[in-house]
Amino acid sequence: MAERGQLPHPAKRLCCRPGYGSGCRPGQRAGGSGPGGGALCAGPSSAAAAAALGLLPLGKTQSPESLLDIAARKVAEKWPFQRVEERFERIPEPVQRRIVYWSFPRSEREICMYSSFNTGAEDPAAGPGGAAAPGGAMDAAAAAADENRLPFRRGIALLDGGCVDNVLQVGFHLSGTVTEPAMQSEPETVCNVAISFDRCKITSVTCSCGNKDIFYCAHVVALSLYRIRKPDQVNLHLPISETLFQMNRDQLQKFVQYLITVHHTEVLPTAQKLADEILSQNSEINQVHGALWMCIVLNPHCKLEQKSSWLKQLKKWNSVDVCPWEDGNHGNELPNLTNALPQGANANQDSSNRPHRTVFTRAIEACDLHWQDSHLQHIISSDLYTNYCYHDDTENLLFDSQGWPLWHEHVPTACARVDALRSHGYPREALRLAIAIVNTLRRQQQKQLEMFRAQKKELVQRGVTSITNLEGWVGHPLDPIGTLFGSLMEACRVDDDSFHGFSDFTENLGQCKSLEYQHLPAHKFLEEGESYLTLAVEVALIGLGQQRIMPDGLYAQEKVCRNEEQIISKLQEIELDDTLVKIFRKQAVFLLEGGPYSGLGEVIHRESVPMHTFAKYLFTSLLPHDAELAYKTALRAMRLLVLESTAPSGDLSRPHHIASVVPNRYPRWFTLSHIESQQCELASTMLTAAKGDVRRLETVLESIQKNIHSSSHIFKLAQDAFKIATLMDSLPDITLLKVSLELGLQVMRMTLSTLNWRRREMVRWLVTCATEVGVYALDSIMQNWFTLFTPTEATSIVATTVMSNSTIVRLHLDCHQQEKLAGSARTLALQCAMKDPQNCALSALTLCEKDHIAFETAYQIVLDAATAGMSYSQLFTIARYMEHRGYPMRAYKLATLALTHLNLSYNQDTHPAINDVLWACALSHSLGKNELAAIIPLVVKSVKCATVLSDILRRCTLTTPGMVGLHGRRNSGKLMSLDKAPLRQLLDATIGAYINTTHSRLTHISPRHYSEFIEFLSKARETFLMAHDGHIQFTQFIDNLKQIYKGKKKLMMLVRERFG
């Protein structure tokens, strides 16, 4: 019977039980079921392991883990997620989900370790031991009781008893509730458990039972094991920031409005709950129309006391230090623009600079707005509000030339009114105001065009521009264009009962991709043939084409890109008919001729938001109907002035000139890579459309070469053009192939003097492209190689590929053409060898093998460079090549030159050049005694390593020099004497090397190297004994060692034992 003192601690015994052997992969058992009978769940690999052990039924197969899971698991183990986010601009949601999934610990052993040292004091059932039992039975019972009281055992019991509930993982935070069953003296309790983790390690735990220590309570154990064993049953969400990023504007409005009213201590779970409900279209929360705070304070029926109350609350929130800024983490010190034109034409512009704008600033400013303006009241309340007394002598007229009402106000603020009306249940009024705003924008656009035409000559000659809009409408926090577009599109939904009053106008319906949208002509205030649909499309085009400045900050710039893509995506749902094509034509012309008011004007500001994405949409839409206008628009949009060194300067004479407000921000264009990719997409779209049209292709090529500054994007365009030109179902388009080649040549010139990891791929592709174009293209790039390639690229890739059999077969060349092309390749190789002999000489020799004169020229280049620029490794490589080609004397010559550059010290017995030295000596030995005699002094001078010299010495004494000489001549067969030159010199050098090496090693020798040193002396003795008086020399050598190093008593004792 084992003694009690021999039993290990229960915790140690638990962690070392068979189910947790050291050979187990974290997250898997060695075999069988653990406590609770649950096999450990670590993803797909657990089942695979079970199948491998024969635990799965016959016939059942398991798929291997996906590459995504394997990669995500490795990243989750090693990389902090913050580093992943910093390294990659955008991480796809599925990738994020798998990283978050694999970041939780997968080993129950660690949970056991951190819980088993906790004695279970928090266990209400844990009490003193029972009555003493006799002998070993008492010990065993006590040990079992101790083990069952461990939090790990109790956690397993809670898990198996179904006590874990409400498990939620949000990013790297796991929460849940664990119900502690009622005991005799204790009622049932519910514990709230929270666990934070990072890189498969738990970083902190909290439990409402009071446990916050490094050691886990049973409730933490239960929740952890639930996540390990049942990962697929855990409700997993990305970090809350990622969830918010998925939401559109309306969803975010609802989310913020509901979240702020919730108790602060429950922010995280409540935020996730609300986010899930908002993202679910059928949830109850989505049945209530949400609104931004600005919409709340713009409620037409909001009483003064209510507005004052809101203003007080908004200012309170606004004053908090951590209140988020409107444009993310970047401030905005532009003037107060919400009230720039508050109430029609008579208001004064507030030009005072404000502090950084927060998410509540616009709502605070909107508290000063009201609905009492009589003109505004007439607009929103009547379909018949007109005035035909028109005077075109003032800028801010209340009516246009047709008597239709206009509304002059800061456009985002005016649109916020529309949004407020919609949000508070006034769709008719919102529609009326939206129509008035759009009519105002159209009139302004016409006036701006007329103003620009009047001064166009002066502005274009001076190359200056001004931006009248300090805030762009696309990407604006109030989303004015999206609001107008949404209001008008709602009005043309056939199934919308809110607009049944307009159902009399449903004749002559147009066709849409989505049948819920129809051409519903407005009852008033639209031109003949226009409808809500055409008005919605036109205002979207006006907003997208507005010249606007690139905002500060990553958040604001990403919002501009995202908002533009959202509007275009909605436009793409509409199928264009003749009416809409007219709108597109009209707006394209306006934008091209709109001067400083248009992002597609002749002269734009350096800081203007590029139009590539919008122009691509315009191009594809207009191409089937008006190709000339489509290309003109797309070509105008190709520019990217922020990368130009001589971009147009600003018009300093104009009061609204942006240069006076915004400094040069090129380094802070955080979305520049995305913008350049959109520019590339636009160019690729034009190339594809222009196939077969020589004039268009030349124009597009010229635009690409002028405007695109990224070599990688130009290379992509070259590849795209090549693929389009060589489609399998048609003959190659030679013009497009030439465009592809021209772009490839430009890439070569751009990357020649810069580092680019794709450079070799680019060079190989260019040769392939030139081959498709024809033999003259190959000859041209070889003639001009120095402007396109490095010498190494020209010889190892270009010339080698040109002379390959596959190229000859592809080009269908006759013998004369083959020889001419080969001659160009050999000329290129010799030029490269002259310029860079170190890296190109061997390639030149290889390429010139079939031409005796060229080969001799290449060999002479090597000899000339050998004394100065070439290293021993390069010379040895060429020497071996010469021997392989049947030139042993030339190989010998190069080997001797290589040895003059070599220096092997006494301790370099694993140097990579050793094999070359042995080869050179073997070559000399095979050539004859004279060659061997000539190379040995070089070896002695270059090599100080005793083991290498002894190896050479033994090889030279095994066979006769020149046994297979040149021209089949055989030598006498007599072995060389060690007492005569040249081997005597080698023997003396080897003995000297052993002596020097011995003293060097004894200077810093440690006891653990004594046995190795004795073996070294044994090898030295073998070399000493090869000399006539070697025995005497070695004895004297050993005696000297004993005398000099007598302080190393143990070592000298070992020397005496071995050598006397």
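This report walks through one sheet and two unusual backbone positions in a predicted model.

Residues are numbered from 1 along each chain as its sequence is written. Because the model is predicted, local features need pLDDT of at least 70 and side-chain atom pairs count only at pLDDT 80 or more, while totals for chains, interfaces and linings use all residues, and side-chain values use heavy atoms, with hydrogens and water left out.

**The sheet**

Let's start with the open sheet, where five strands follow the order β4-β3-β2-β1-β5 with mixed pairing. The edges belong to β4 (201-207) and β5 (235-237); each has a single partner strand, so one side of each lacks a neighbour in the sheet. On average, neighbouring strands here are turned by 20° against each other, direction ignored. Helices (H or I, at least four residues) and strands (E, at least two) are DSSP runs, numbered from the N terminus; two strands pair if DSSP finds at least two bridges between them.

Strands β2 (residues 173-180) and β3 (residues 189-198) run antiparallel and are joined by eight bridges. Ser 175, for instance, has Ala 194 in β3 as its bridge partner. Helix α8 (residues 151-160) packs on the sheet and touches β1 (164-170) and β2, where contact means heavy atoms within 4.5 Å.

**Two positive phi values**

Most residues other than glycine have a negative phi. Here are two residues with a positive one, Cys 200 and Asp 479. Both count as buried, meaning under 20% relative accessible area (exposed is over 50%, partly exposed in between; 1.4 Å probe, protein chains only).

| Residue | Phi | Loop | Relative accessibility |
|---|---|---|---|
| Cys 200 | about 65° | between β3 and β4 | 11% |
| Asp 479 | near 45° | between α18 (427-462) and α19 (480-491) | 11% |

Note on methods: Axes are lines fitted to C-alpha atoms, for helices over the stretch in contact, and angles run from 0 to 180 degrees between N-to-C directions.
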